[in-house]
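Here is a short briefing to read alongside the model. Keep the structure open while you go through the points.

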Amino acid sequence: MTVTVYDPESDPAVWRTRFLNLLDRTPVPTAVSTAEGVITGANPALAALWNLTPGRLAGRHLLDLFTPADPRRLSKFDSAMRGGRRSRYPFRVRWTAAGSSYEGELTVEPVSDPAGEPPPLLAILRADEPRPAADGREDAAGPVALTALESRILALVAEGRTTAVVARTVGLSGDGVNYHLARLCRRLDASNRTALVARAYVLGLLSPAAWPPAAD
């Protein structure tokens, strides 16, 4: 009798799970889509751009989220895919979130898939950095404005809640919460959570009752 020993390293399902776990922890906004551009998976960093959970992006088309600066590149990309050419294809794109417009570069790369053709696509977004003003400081059009989700996360952090508690409360993963906190720290020029809460208090983004924060 032949005994077959299970080798997890040769199991596609194991590798798929590992990839999804890695995708979930990647701080760079990333999505996986079909060859037609329909999203099959997205990480918290990408979903956070629209204050959504990753599952809410599944089934959406990349072109529903991003507008190419040069639509003619889409036909070139389509021709390259049909011709079997596999390479990275950068697109300058724009998108709108919370009433504001942003720009960046979306790099789309076909991923080899032995299970069949056409291959899925890996889409990675690199958002442009805010342009500094002439005096070297960021050009602010007015007071710092937070989304409802950012305000909720900031208030919970000010109460001393752990990342896990914040994630359960607002319906995000821990990585999604950390992504929002990292963005808030950059916007408010804070080096850590305590400094973030203090800065938010100074700017009037938190009520005095929220300071000082309790210890985790």
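Let's begin at one edge of the sheet: strand 3 and strand 4 run antiparallel and are joined by two bridges, and two strands count as paired if DSSP finds at least two bridges between them. Helices (H or I, at least four residues) and strands (E, at least two) are DSSP runs, numbered from the N terminus. This is a predicted model, where local features need pLDDT of at least 70 and side-chain atom pairs count only at pLDDT 80 or more, while totals for chains, interfaces and linings use all residues. Residues are numbered from 1 along each chain as its sequence is written, and side-chain values use heavy atoms, with hydrogens and water left out.

**The sheet**

- Pro 68 has Val 93 of strand 4 as its bridge partner.
- Nine bridges hold the antiparallel pair of strand 4 and strand 5, and here Arg 92 stands opposite Glu 105 of strand 5.
- Strand 5 (residues 100–110) also runs antiparallel to strand 6 (residues 121–127), with seven bridges between them; Leu 106 sits opposite Leu 125 of strand 6.
- Helix 4 (residues 72–82) packs on the sheet and touches strand 3, strand 4 (89–97), strand 5 and strand 6. Contact means heavy atoms within 4.5 Å.
- The direction of helix 4 makes about 135° with that of strand 4, where axes are lines fitted to C-alpha atoms (for helices over the stretch in contact) and angles run from 0 to 180 degrees between N-to-C directions.
- Taken as a whole, this is an open sheet of six strands in the order 2-1-6-5-4-3, with antiparallel pairing.
- Strand 2 (39–42) and strand 3 (67–68) are at the edges with a single partner strand each, so one side of each has no neighbour in the sheet.

**The two faces of strand 4**

- In a regular strand the side chains alternate between the two faces of the sheet.
- Tyr 89, Phe 91, Val 93, Trp 95 and Ala 97 of strand 4 point to one face and are buried, where buried means under 20% relative accessible area, exposed over 50%, and partly exposed in between (1.4 Å probe, protein chains only).
- Pro 90, Arg 92, Arg 94 and Thr 96 point to the other face and are not buried.

**Helix 5 and its partners**

- The axes of helix 5 (residues 148–158) and helix 7 (residues 174–188) come within 11 Å and cross at roughly 90°.
- That crossing makes helix 5 roughly perpendicular to helix 7; the label covers 65 to 115 degrees, with angles under 35 degrees called roughly parallel, over 145 roughly antiparallel and the rest oblique.
- Helix 5 brings Leu 149, Glu 150, Ile 153 and Val 157 to the contact, and helix 7 brings Val 177, His 180, Leu 181, Leu 184 and Arg 187.
- The buried residues of helix 5 include Leu 154, Leu 156 and Ala 158, and the buried residues of this helix pack against helix 6 (163–170), helix 7 and helix 8.
- Just after helix 5, Gly 160 has a positive phi of about 85°.

**Two loop residues to look up**

- Asn 43, in the loop between strand 2 and helix 2 (44–47), is buried, with a relative accessible area of 0%.
- Beyond its neighbours within four places in sequence, Asn 43 is in contact with residues including Leu 23, Thr 26 and Pro 54.
- Asp 189 lies in the loop between helix 7 and helix 8 (193–202) and is exposed, with a relative accessible area of 70%.
- The phi of Asp 189 is near 55°, a positive value in a residue other than glycine.
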